[in-house]
Structure formats: C-alpha cells, structure tokens
Amino acid sequence: MTCKSTFIYTDKFLDYHFHSDHPFNQQRVLLTKELLEAVNLLPKHLITAPRTATDEELALFHAPAYINAVKKAGTGHLSEEEGLEHGLGTEDTPMFRHMHEASSHLVGGTLTAVDSVLLGNTNHALNLGGGLHHGFSRKASGFCIYNDGAIAIKYIREKYNLKVLYVDTDAHHGDGVQWAFYDDPNVCTLSIHETGRYLFPGTGNISERGIKEGHGYAFNVPIDAFTEDESFIQVYESVFRKVAAFFRPDVILTQNGADAHVFDPLTHLCTTTETFERIPLIAHELAHQYCDGRWIALGGGGYDMWRVVPRTWAQIWSVMTTGETQKAALPKPWLSKWQKKSPVELPDSWNDSKDIVPNIPRKPEITEKNERSLLSALKYTKNKSAYM
C-alpha cells in the first residue's frame, strides 16, 4: 500500500544538544534522513520544515512558570536551585544555550505533523525529532524538556476533537504522556516497555489503569529484561490489536524509541531489527483499519545512534511510503561517509543476524512472564464492566 506521507525535518533539530558526552544525540535523525535519501526513499518534496511551537501551544501541557524557567536556563539566567526545582541542570537534563528554542522546534515538528495529517494533506507523518515522552507539566525528566507528544495530544483534542490512541514502544515507560491523560477517556495510552524493576522511570505497572473518567484507558505491559524478538512481537501485536479494537481511535500517535535493541547501552532488552520491522507494519495496518490511515509517528529513545537508530527509524518511513520494509544491503555511499565518524563497525545490511543476541538461559521463563503480563493487560479490553 502506497500512502501520501510527509517527513518532518530541519537541521535545527540538531540544536537539541546537551553536551558531547551525553547519550541523547540528535545527529541520529540526520543519519536516518541521509540513509533514506541514499536509498531514494526521501525526495525533497516529501520533506516538510517544521514551524516553531508558540508559548501558548507549549502551555497546552506545560506550566507557564516552567516555560519561563526553560527560557532563563537557555540564556544562563536560571539559578542552580531554581533549575533543580524544574529538573534542569541535572545529569540527565543539563542546561544548554538556547534550550527553549531548540525544544520548541521539536514540539513544532510534531504539531506540523499533526496538522499535515488531520487537515487531510497526508495520510501519515513522521517527526523523528520528537517523542520526548518523559517531560512533565512543571519539570524536565529523562533527557526530555518539553513533552511534544503530550502537547500534540492536547492540541488534537482542542483543535480537532478526536479520540487519540497513543502507543509507546520505547524501552522506557511513557510516563509523562500517561500521567497527562490519566483522567481523560478520549485519550488511550498504551506502553510496552522494560519492567521498571530494572529501568528508569520505574513506573508502568499493569495496575496503572487511569482515574475518574479515564479509568480503564491506560494500558501497560511491562516486559522482562532480556526479552527477545519473538516475545516482544507477540506482546506488541496482541495488545495493540486488542486495545485498538476496544478504543476505536480516530487517530494513532506512536512513539518509536529504538532502545529495546540488544545493542542499546542503556537498557536490558535483546531484540533485533526484526522487532523494529514489525512495529511500523502493525501501526500502519491498524491506522488504516480504524483511522482512515491517520498515523503520526515520533522518534524517542535510542542510544546506539550508529548501528541501530538509523536502520530502525528508516523502516518507519519505508512502511509509511511503500507499505513494506527495506531488505538486503545498506547503500555503500552512506556507509562510507558515516563509517569514518563511527566509533563502531557499521552493519552493512538492513537486517540483523540472530547471532548478535547472546544466549539467554532464562528465555522460556522470560517468555512465560511476559505472557502473564500480556494476559493481565488484555483482560481489560473485553468490556468496561471488567474494571468498573
């Protein structure tokens, strides 16, 4: 299936940069863009430059006092004490010059993607600069200053009055977005992530179901450390299909962290590119089944920016534009350019060999635990009386 899609990009995305040793590096977006260009999947007319989010748009989710603190931090006028109050100046989220402007471009990219799809200009839109799902109303968290996903959903609800299904496959729980809509029955959040027993932010338990009118519209499937492809894909596909059928969304917004890969240095999951091929294929299918194709995809985590992120994120765009994933060899000109800068040997194929995954003696036990988590989450998709 060939669909009309737009790729949101500006070099200003690279300005979201904490420091040279920080694991969050937006150069991965540039690597992905150039990989897509090298395989002739990204002609210039499909690239849309984002606008900058306004303060009013940021305030759809973030407190004005927090926005002002970010502005002060970016000009060097925020005290250490006030910074820590807002989660700024920490090891995870250090202050940097012009951080408000850089963060506003990422949010503006997601809002540009939303308008492109919901005004009917495209079926799908991809903003790999976005997906900063840990940000809170009054506080930065986990590398995330402004939470573009939460702002975008607030924007969709206010401007378009549509029901939104948010699906998060980052290895870290999508906490900021979940809590933003924990009492809203028109926003359903689904997060598949490594269990918080081992990993930041420590939330995302099955029992987190929403409150008040939003009770029953938050879904979490925490999976065990060292989960491999087969189990991840089973969990993802099963719960996504069931939740979509239960909620029947008007639009799907996906957060596509690439940090569940076995090479990722910050997590403990053991998936390969096989998982990251299935993720967009199922999202694409369900967007057409329930939403007339309306699908907005964001980036997210992903800290092996050389071997993992470009290949996995490029597959999202491949599915959006061709309905299929890429196979075979990576383009030699792209490999030649970036191998000179990469500290690790770049893979020469779109697909991983299974031998990159270490032998996991607990695989049957891990799979069984994940199945129990899945079944616990799925019981809430049968009917609302199950949890009212």
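**Exercise 1.** In this predicted model, find which residue of β5 D168 stands opposite, and work out how β4 is placed between its neighbours.

*Solution.*
Step 1. D168 stands opposite S191 in β5.
Step 2. This contact belongs to a pairing of β4 with β5 (residues 187-194), in which five bridges join the two strands and the strands run parallel.
Step 3. A helix must be added to describe the connection: β4, helix α7 (residues 175-180) and β5 form a right-handed β-α-β unit.
Step 4. β4 also pairs with strand β7 (residues 251-255), again in the parallel sense and over five bridges. In β7, V251 is the bridge partner of V164.

**Exercise 2.** Decide whether the two faces of β4 are covered or open, and explain what follows for the strand.

*Solution.*
Step 1. In a regular strand, side chains alternate between the two faces of the sheet.
Step 2. Sort the residues of β4 by side: V164, Y166 and D168 lie on one, L165 and V167 on the other.
Step 3. Apply the cut-off for buried, under 20% relative accessible area. The residues on both sides are all buried, and both faces are therefore covered.
Step 4. Since five of the five residues of β4 (residues 164-168) are buried, the strand is largely enclosed by the rest of the structure.

**Exercise 3.** Describe the largest cavity by volume, lining and residue character.

*Solution.*
Step 1. The structure holds three cavities of 30 Å³ or more, and the largest has a volume of about 60 Å³.
Step 2. Its lining consists of T169, N256, G257, F276, I279, P280, T312, W313 and I316.
Step 3. Two elements, α9 (273-291) and α10 (309-322), each give two or more residues to this lining.
Step 4. By character, the lining divides into five nonpolar and four polar residues, with no charged ones.

**Exercise 4.** Do the same for the second largest cavity, and name the element that gives the largest share of its lining.

*Solution.*
Step 1. The volume of the second largest cavity is about 40 Å³.
Step 2. F226, T227, E228, E230, S231, K363, I366 and T367 line the second largest cavity.
Step 3. Here α8 (229-247) and α12 (363-378) are the elements that give two or more residues. The largest share, three residues, comes from α12.
Step 4. The residues of this lining divide into two nonpolar, three polar and three charged.

**Exercise 5.** Locate the UniProt domain and state its helix and strand content.

*Solution.*
Step 1. An unreviewed UniProt entry places the feature "domain: Histone deacetylase" at residues 22-319.
Step 2. That span is 40% helix and 11% strand, and its end C-alpha atoms lie 31 Å apart.

Notes. Residues numbered from 1 in each chain as written. Predicted model: local features only at pLDDT ≥ 70, side-chain atom pairs only at ≥ 80, totals over all residues. Heavy atoms only, no water. UniProt positions renumbered as here; feature names shortened; annotations may be inferred. Helix = DSSP H or I, 4+ residues; strand = E, 2+ residues; numbered from the N terminus. 1 Å grid on protein atoms, 1.4 Å probe; cavity = no way out; pocket = protein on both sides within 12 Å on 5 of 7 lines; lining within 4 Å. Points joined across faces, edges and corners; volume = space filled by probe spheres on them. Nonpolar A, V, L, I, M, F, W, Y, C, P; charged D, E, K, R; others polar. Buried < 20%, exposed > 50% of the residue type's maximum accessible area, 1.4 Å probe, protein only. Pairing = 2+ DSSP bridges. Right-handed = clockwise from strand over helix to strand, strands pointing away.
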